[in-house]
Each structure stands twice: as C-alpha cells, then as structure tokens.
Protein chains: 4
Amino acid sequence: MFSTTVSPRFYETDAFGHINNIVVAGWFETGREDIFRVFTPDLDPKKLPLILARIEVDFVAQIYYGCKVEIRTQLEKLGNSSFVVIQEAWQKGALAARGRAVQVYFNHATQTSEPLPDEYREVLSQHVAKAD
Amino acid sequence: MFSTTVSPRFYETDAFGHINNIVVAGWFETGREDIFRVFTPDLDPKKLPLILARIEVDFVAQIYYGCKVEIRTQLEKLGNSSFVVIQEAWQKGALAARGRAVQVYFNHATQTSEPLPDEYREVLSQHVAKAD
Amino acid sequence: MFSTTVSPRFYETDAFGHINNIVVAGWFETGREDIFRVFTPDLDPKKLPLILARIEVDFVAQIYYGCKVEIRTQLEKLGNSSFVVIQEAWQKGALAARGRAVQVYFNHATQTSEPLPDEYREVLSQHVAKAD
Amino acid sequence: MFSTTVSPRFYETDAFGHINNIVVAGWFETGREDIFRVFTPDLDPKKLPLILARIEVDFVAQIYYGCKVEIRTQLEKLGNSSFVVIQEAWQKGALAARGRAVQVYFNHATQTSEPLPDEYREVLSQHVAKAD
C-alpha cells in the first residue's frame, strides 16, 4: 500500500466550513503519484505514459482544516492496457473518503492506449490489494 | 435539462497541455448550481440543505483551453432523502466527459439527512431525464 | 477596457463563507485572456509568448457566492519587453478587488525575454488606461 | 523564520509544463498557517481573527513538478491593526518566488479591524526579519 500525507489548505475549505468535496478528488490524484513514479521516476510530465479514464469518490465523513489527512493507495486489478486504483482518505483515525480511478497506459505521441508492458505490470502487481 | 457554459481557464490546464481531469469534477459542481437554486434561490451557502455523497466522472475526450464547454445537467432518479444527478460536458460539438453525483438532503444543524420535502421533489421531478 | 464576467463557483468559497482571496488572483489571470488573444488568437498554449513576472492584488471588499463578478482589464504602461496590466473586480456595483500584473514577452524556445514586437505594441497601446 | 514544505501536485501544473503562477499565491497562504496558529492554535476557521488585505508575488524562476518546494515565512513589520508578512519559495536550492502579504486583525462579528492585542504582538515580534 502506498501512503501519502496531505495537510488541508485554507483555500481548500468551502462555505460549509470543511474541506470542499472536489478537493478530495485532487488529493487522490496526488496519492497516485507513487504509481506515476513506477512509470516515470522523475515525474517529468512529458514522459508520463498514463491518462485518467474514470474516477469515483464516496464522501464518508467531513474533512476538517487543521489536521493532516492520510491518502492510502492500492491497485484493485490490472487489465490489458489499463488498471484500477483504489484509494482511501483517513483523518483523525477515521475513514473520510473512498475513491477508485481507472488509469490507461497511453502513448501521447500516437494518442492511443497500448498494452501495459510487463516491466510495469510486475511492479504494479505487488501493490494489488489482497481480497478481504 | 439545465445547461451552464464554462470558459476553461489557463490555470485549469495541466502539463499534458489540456484541461486537468479534476477540474471537470469542479465544473460539474458548478453545473449543479441550477439544482442548488431549487433549494436556495439566492445561493446563500448557510441555507443550502444539501451535501454530496458520491461523484463519478468518465473522461471521454481531451478538453482544450480556448474554447467554451457546455455542462448539461439532469436528474436520473429521486430517492427518499437523496437524488442522483447525471451530467455531461460538451466541447466543439463532442461529448468530453460524463458525470454522476449523489446529493443528500441534509440538515446542517442536526447533521443528519432528512426526507426530501414534496415542494422540492415536485420541482426536481420535472428535470428527471427521459429513458432513451 | 476589456471586460470578462465570472460566476463564483461553490468550491471557490472558503470557511469564512465568501470567495477565497487566492481565487481572485486566478480570476485576474482569466481577465488577461483578452490580452493573451492579442498574441495568440486561438489561445493555443504552445504558442503563447508571455510569462508572468509579478502580481499584486488589493482585497477591497468581500466577494459573495451567488452573484456575478465583472473583471475589468486595462494596460497601465508598455515597457521594452514587458507591460503592466491593471485590473479590477466588481460585484453588485462595488469595487471588490484591484490587481496589477507584469507580463513579459517571452521566447519559450530560448527561454529568454525579447523586445515586444511593434505589431503587438500597437494593439496593446490602444488599451492603455487614460490618466485620471 | 517559519518553514513549510509543499509537494507540487500534478493538477497544479499548467500547459507551459511547470507549476502555474497562481498556485504559488495559494502556497504562500499555506505558509502563513504558522502565523494563523499564533492566533488560533487549532486552526478552527470560525475563530481565526484575520483577513487578507493585499498580496504581492514576484515570480523569479519556474517551479517544477516532481520536486519539493520550501516556503519560508517571516514578518516584515507590525502595524497597529495589521502586519506585513514576507515569504519565499525555494526549489532545488534556488529562490523561485518571493511574496508579501498584508494581514489585518479582524473581528468577524462586527466586521471591523481592531488593534492587534499585545499577547499576539509579542509572539509575532519574535518572527520579524532582521534587516540585512
């Protein structure tokens, strides 16, 4: 499991007094950076061979300004040219949000998806979540 | 169907040269404003009795800076205390993203969901998408 | 004078119940799009020969969700390779924020600033604010 | 001097391939959190007695995705009811941006500024930058 910690920022709150929901989708993108690094260790955007096909976020509890949030990231399954990421946001020991993202292995030059090469598949497979 | 037009902003692009995916989740929030106004015509955040329980976004095509985007918003179904919103983003005559959002009728004072009052249910029911 | 209208978005509010200050800096970037179009009519980011050297924003009054904001943009002066933009945000007939931005004519290929070509200088000079 | 580290996020890049300038203004807000904590240790937004009157940012060098940024924050001077914050963003050992912010001690209930109480003035005075 990959783990990233984010500190909520004041401008990420909204008029309800908590962190705005959309911000959490952005934090989950940030949580996927550990996966981006599997493909592009220096995170040079020009070399990152991934696009995002779909996101889902379930908002479980309010997230507060002033207290760190842990983003946990695992893989759910690996497909031929895509893979599914599952994520959770935890604050003060409680689950606050759950997410799922479908990333596609993508050739930006030809603008087409391609089969996930074995070298990446092997690394990613080590991060697939165990069935409960 | 509700329709809102947004002009992509330069800071909404990312290093891939297009609009960042997460931004689209924010635009869909903006598209739901017409639904917020059903409950709170002046959009005073202190009076808005809704929270967001879930979002889904499918990214269908790249969205470009320099060209307007239409956000189309309808209701999919009305539940007891929640309702499901379906949304689309269109640019240059093509579908670019599809979204779904679950909004809950919520009492911020008691911090609990409540059954959707009939006065709102009636208005919302006029915006439920026809089955194809 | 260039004029652009923005509708505040819910995720742009913060826990004080109004629009977050930093958002206004982003709206001013959006207001400068009319100037970007002088250089790059189709707004293709790869061709936009400008970088931002400095911004200033004075926050005059709170900006509310639920009511449109007009961004007014003029030029203050033209330098050799840069120019100064002055901007205002108006809501409900009152000035809410004032901004200044220094943009530099920039060659992204050589990563250096260059003298502002006459063809652009002429167009821009028509938008320099008159002294009061 | 206060110091905060931020990791640039992918959605904070723009089509020029670097971190968008406006984002830096947001990071500087985040850098001022250590000052917010002087007034409101738990960062409860409802109790934070500050508003922002002005910001300035000078963009000195491009900021890259994939490499941490240190935000350094000091006070420049203390006024009667306001104070001036000076900030710097450093990446890879080089200064990337400089900022200045004017914060006002503010009573949200009466919506007026008030003289800075001595208890806060004393703490803040320990963080005023020494003249070079």
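**Figure 1. Chain A, read along its sequence, follows the pattern β-α-α-β-β-β-β-β-α.** The model shown here is predicted. Chain A holds 3 helices and 6 strands. A strand opens the pattern and a helix ends it. Between them come two helices, then a run of five strands.

**Figure 2. The overall dimensions of chain A.** Along its principal axes, the C-alpha trace spans about 45 × 35 × 25 Å. Chain A has a radius of gyration of 16 Å. A compact globule with 132 residues would have a value near 14 Å, so the two agree.

**Figure 3. Inside chain A.** How much of chain A is buried? Buried residues make up 39% of its 132 residues. A residue counts as buried if 20 or more other C-beta atoms lie within 10 Å of its own. Now look at the contacts in chain A with a separation of 6 or more. Of these, 66% join residues 24 or more positions apart.

**Figure 4. Chains A and D, two copies around an axis.** A turn of 180 degrees lays chain A on chain D, with a shift of 0.0 Å along the axis. The RMSD of this fit is 0.0 Å. The two copies are therefore related as by a two-fold rotation axis. Which residue of chain A comes closest to the rotation axis? Val6(A) does, with its C-alpha at 4.5 Å. Both copies use the same surface: 100% of the contact residues of chain A recur in chain D.

**Figure 5. Where chain A touches chain D.** Here 14 residues of chain A are in contact with 14 residues of chain D. What classes of residue does chain A bring to this contact? Its side has 5 nonpolar, 5 polar and 4 charged residues.

**Figure 6. Where chain C touches chain D.** In this view, 16 residues of chain C are in contact with 16 residues of chain D. Two elements of chain C, α1 (21-31) and β2 (50-59), each supply at least two residues to the side that touches chain D. Of the elements, β2(C) gives the most, with 8 residues. By class, this side of chain C has 10 nonpolar, 2 polar and 4 charged residues.

**Figure 7. Strand meets strand between chains C and D.** β2(C) pairs with strand β2 (residues 50-59) of chain D. The pairing is antiparallel and runs over 5 bridges. Which residue in β2(D) is the bridge partner of Ile55(C)? Val57(D) is that partner.

Technical notes:
Residues are numbered from 1 along each chain as its sequence is written. Chains are lettered from A and ligands numbered from 1 in the order in which they are written. This is a predicted model: local features need pLDDT of at least 70, side-chain atom pairs count only at pLDDT 80 or more; totals for chains, interfaces and linings use all residues. Two residues are in contact if their C-beta atoms, placed from the backbone, lie within 7 Å. Helices (H or I, at least four residues) and strands (E, at least two) are DSSP runs, numbered from the N terminus. Ala, Val, Leu, Ile, Met, Phe, Trp, Tyr, Cys and Pro count as nonpolar, Asp, Glu, Lys and Arg as charged, and the others, Gly among them, as polar. Two strands pair if DSSP finds at least two bridges between them. Copies are superposed by least squares on the C-alpha atoms of residues with pLDDT of at least 70 in both. The radius of gyration is taken over C-alpha atoms; the globule rule is 2.2 Å times the number of residues to the power 0.38. A residue is buried if 20 or more other C-beta atoms lie within 10 Å of its own, exposed if 12 or fewer, and partly exposed in between; C-beta atoms are placed from the backbone.
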